[in-house]
Amino acid sequence: MFTMKPIGFVRSAYTETKQIPKGPGTKHEAEGTLEIAPEFEPGLQDVEGFSHLFVTWVFNRAEGYELVGVPPTDDRPHGVFATRSPRRPNPIGLTVVEVLGRDGRNLRVKGIDMLDGTPILDIKPYMSSIPAEQLRLGWFAEAEARRSAKKTET
Ligand SMILES: C[S@@+](CC[C@H](N)C(=O)[O-])C[C@H]1O[C@@H](n2cnc3c(N)ncnc32)[C@H](O)[C@@H]1O
């Protein structure tokens with residue numbers, strides 16, 4: 001077992017999960033603040049030099065988990081580890097945000113898909129080294145292809 005302590009909390013306009021856009025083609029453009037606790041502020045030194053950051057956080061308002069379920073982006077079931085479902089055995093979220101600026105221990109970011117008050121576990125610089133042509137998107141790409149085929153039929 002592990003014990004973790006939040007390094008801070010997300011300040012977001014979203015107070016209910018239904019306010020957060022989801023489903024096919026969703027783009028997360030919402031802005032918000034990562035409010036880091038005073039004791040961790042020195043750890044933010046140089047963070048604003050990166051355009052994007054990985055943020056790991058806790059789905060603190062999710063209950064239980066489902067190992068196989070139908071995500072909002074498909075009509076077929078998939079294993080939880082092949083989805084981004086909040087209902088997972090270890091309820092950890094991962095979001096890539098764009099850095100807009102830093103004001104002391106507050107980082108203003110874009111790309112928020114977390115509720116207000118979400119506990120933040122960690123922040124790391126985003127560095128992508130995998131060329132787009134090497135990425136495989138599994139069931140997600142197949143679901144997209146089925147949706148486009150349906151659209152051209154109608
Ligand atoms: C599909 S998850 C993806 C989150 C993250 N980008 C990831 O991949 O881990 C995003 C959804 O999590 C839910 N959510 C956001 N913050 C949450 C929280 N603190 N507790 C529980 N659910 C939350 C909202 O319903 C939101 O639409």
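User: Is Thr33 buried or exposed?

Analyst: In this predicted model, Thr33 belongs to strand 2, which spans residues 31-36. A residue is classed as buried when its relative accessible area is under 20%. The relative accessible area of Thr33 is 19%, so Thr33 is buried.

User: Which residues does Thr33 touch, not counting residues up to four places away in sequence?

Analyst: A contact requires heavy atoms within 4.5 Å. With residues up to four places away in sequence set aside, the partners of Thr33 are Phe9, Val10, Arg11, Asn106, Leu107 and Arg108.

User: In what order do the elements of the protein chain run from the N terminus on?

Analyst: The protein chain contains one helix and eight strands. Read from the N terminus, the order is β-β-β-β-β-β-β-β-α.

User: What share of the contacts with a separation of 6 or more in the protein chain comes from residues 24 or more positions apart?

Analyst: The protein chain has 154 residues, of which 29% count as buried. Its C-alpha atoms fill a box of roughly 55 × 35 × 30 Å along the principal axes. Among contacts with a separation of 6 or more, the share from residues 24 or more positions apart is 78%.

User: Which strand gives the most residues to the shell around the ligand?

Analyst: Strand 3 (52-58) and strand 6 (92-103) each supply at least two residues of this shell. The one that gives the most, with three residues, is strand 6.

User: How many residues of the shell around the ligand are nonpolar, polar and charged?

Analyst: There are 18 residues around the ligand, and Asn60, Arg84, Leu94, Asp113 and Thr118 come nearest. By class, the shell comprises nine nonpolar, five polar and four charged residues.

User: How much of the area that the ligand exposes when taken alone does the protein bury?

Analyst: Polar atoms of the protein approach the ligand at several points. A nitrogen atom of the ligand lies 2.9 Å from a polar backbone atom of Arg61, and a polar side-chain atom of Asp113 is 2.7 Å from a nitrogen atom of the ligand. An oxygen atom of the ligand is 2.4 Å from an N or O atom in the side chain of Arg84. Taken alone, the ligand exposes 600 Å², and the portion buried by the protein is 88%.

User: What percentage of the area exposed by the protein chain do carbon and sulfur atoms supply?

Analyst: The protein chain exposes about 10500 Å². Of this area, carbon and sulfur atoms supply 54%.

Key: Residues numbered from 1 in each chain as written. Predicted model: local features only at pLDDT ≥ 70, side-chain atom pairs only at ≥ 80, totals over all residues. Heavy atoms only, no water. Near = heavy atom within 4 Å. Polar contact = N/O pair within 3.5 Å; in protein donor to acceptor, adjacent residues only side chain to side chain. Areas by Shrake-Rupley, 256 points an atom, 1.4 Å probe, with all protein chains shown as cover. Helix = DSSP H or I, 4+ residues; strand = E, 2+ residues; numbered from the N terminus. Nonpolar A, V, L, I, M, F, W, Y, C, P; charged D, E, K, R; others polar. Buried < 20%, exposed > 50% of the residue type's maximum accessible area, 1.4 Å probe, protein only.
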